[in-house]
Amino acid sequence: MSDELDLDDAKKRYHFALAPEDYDGLPFYSALLHELEEDHLALSLLASVREEQRNPMLVLATLHLAGLRGHDVLCPIYDAARRGDLEAPFDAAQRVMVALRDEPALVRDELWRSTQTNEPGRSAVLQAVIRDLTGDVPSINVIEVGTSAGINLCFDQFQVSATDDGHPLTLVCEDVTPIDRSKPLPAVISRVGIDPHPLDLTNEDDRLWLKACLWPEQRRRHERFDAIVAARPSWPEAVVLRGRALERLDDALELVNRDMMTVVFNTWVAFYLEPEERRDYFEYLIAQCERENVAWISIESSLITIPGVDVDPAAHHRGASQIAVTTPGRSPSRWGWCHAHGRWLERVTTS
């Protein structure tokens with residue numbers, strides 16, 4: 001069966017899994033990805049995944065999950081990586097590969113899952129874009145497509161700073177171009193999420209999976225996640241609808257006050273949709289923005305083409321996420337670029 005799998009494609013996916021800027025900061029994951037792309041078993045495992053989830057991060061997360069669950073070999077390696085004191089990352093990566101070859105079920109049995117990082121750093125970007133596109137609107141509804149555990153539905157619960165103040169709930173984002181963050185955010189009246197496989201932070205398996213999807217060498221992200229789990233019960237309530245975007249968007253819109261602006265947003269969701277589903281989703285939201293008091297924010301891979309937004313062949317941020325916005329009664333336009341985890345933000349439009 002394995003000879004029918006596209007191992008060359010899997011090799012490329014492992015090879016380009018990290019943006020160039022991430023290699024220096026992730027010596028363990030860089031070494032592990034190099035080992036994975038040269039290993040026939042690892043190539044076969046990735047190639048066997050359903051296409052929309054054929055992401056090396058899924059394999060990395062399943063290995064991390066085994067470590068979080070206390071695997072004899074993997075647990076001490078990943079614990080050390082999260083503490084920031086992992087010695088000899090290349091040797092550690094080779095020990096992980098030995099464990100994988102000895103117990104391929106560690107990965108194979110978990111490939112039914114979906115990568116759901118629910119990266120809170122994107123809330124720093126959402127805050128800036130929502131301030132800009134809502135203007136002086138005092139209150140809004142928000143609908144998140146691909147909400148996972150709903151962390152970014154509470155985008156307004158975070159402080160944002162250009163430097164790390166040490167508080168786990170402070171999001172660090174460098175504004176490459178001037179961004180006005182002084183204006184208060186509009187009050188959020190209703191929060192609705194849509195996800196085919198929503199996760200619950202109070203469920204241990206869901207919580208471990210979300211943690212497994214984080215890169216272990218980024219200790220700050222793990223500290224933030226742990227702080228979010230502790231703080232979430234005190235944050236505003238949200239309604240989460242199970243299902244795919246086009247199945248539940250009408251239901252979501254029925255749950256909010258249509259007399260006020262509703263902001264729909266997606267972050268690294270369209271990348272996982274089949275082309276036809278992605279097209280229909282974009283067309284649906286563009287039509288809603290044309291005739292309703294609906295705005296749309298799309299933060300996605302630069303490989304995703306938004307209707308009406310020109311492809312920028314000179315985009316100078318390799319691996320950046322593109323930000324496109326659609327305000328009520330208008331067509332989509334590019335707002336700017338950002339790091340996929342919200343570490344920096346650049347605005348390229350002023351309209």
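Ala, Val, Leu, Ile, Met, Phe, Trp, Tyr, Cys and Pro count as nonpolar, Asp, Glu, Lys and Arg as charged, and the others, Gly among them, as polar. Keep that in mind for the cavity.

This is a predicted model, where local features need pLDDT of at least 70, side-chain atom pairs count only at pLDDT 80 or more, and totals for chains, interfaces and linings use all residues. Residues are numbered from 1 along each chain as its sequence is written, and side-chain values use heavy atoms, with hydrogens and water left out.

Cavity first. On a 1 Å grid over the protein atoms alone, a cavity is a set of points where a 1.4 Å probe fits but cannot get out, and lining residues have an atom within 4 Å of a point. The whole structure has one cavity of 30 Å³ or more. The largest has a volume of about 50 Å³, the space filled by probe spheres set on the points, joined across faces, edges and corners. Its lining has five nonpolar, two polar and three charged residues. Among them are Glu-119, Arg-221 and Arg-224.

Next, helix H9, residues 122–134. Helices are DSSP runs (H or I, at least four residues), numbered from the N terminus. Of its 13 residues, 12 are buried, meaning under 20% relative accessible area with a 1.4 Å probe, protein chains only. Arg-122 and Arg-131 are among the buried ones. Gly-135 follows H9, with a positive phi near 60°.

Last, cysteines. How many disulfides are there? Zero, taking a disulfide as a pair of cysteine sulfur atoms within 2.5 Å. The sulfur of Cys-154 is 19 Å from the closest one, in Cys-173, so too far for a bond. Cys-154 is buried, at 0% relative accessibility.

Terms used:
1 Å grid on protein atoms, 1.4 Å probe; cavity = no way out; pocket = protein on both sides within 12 Å on 5 of 7 lines; lining within 4 Å. Helix = DSSP H or I, 4+ residues; strand = E, 2+ residues; numbered from the N terminus. Expected span 1.5 Å × (residues − 1). Buried < 20%, exposed > 50% of the residue type's maximum accessible area, 1.4 Å probe, protein only.
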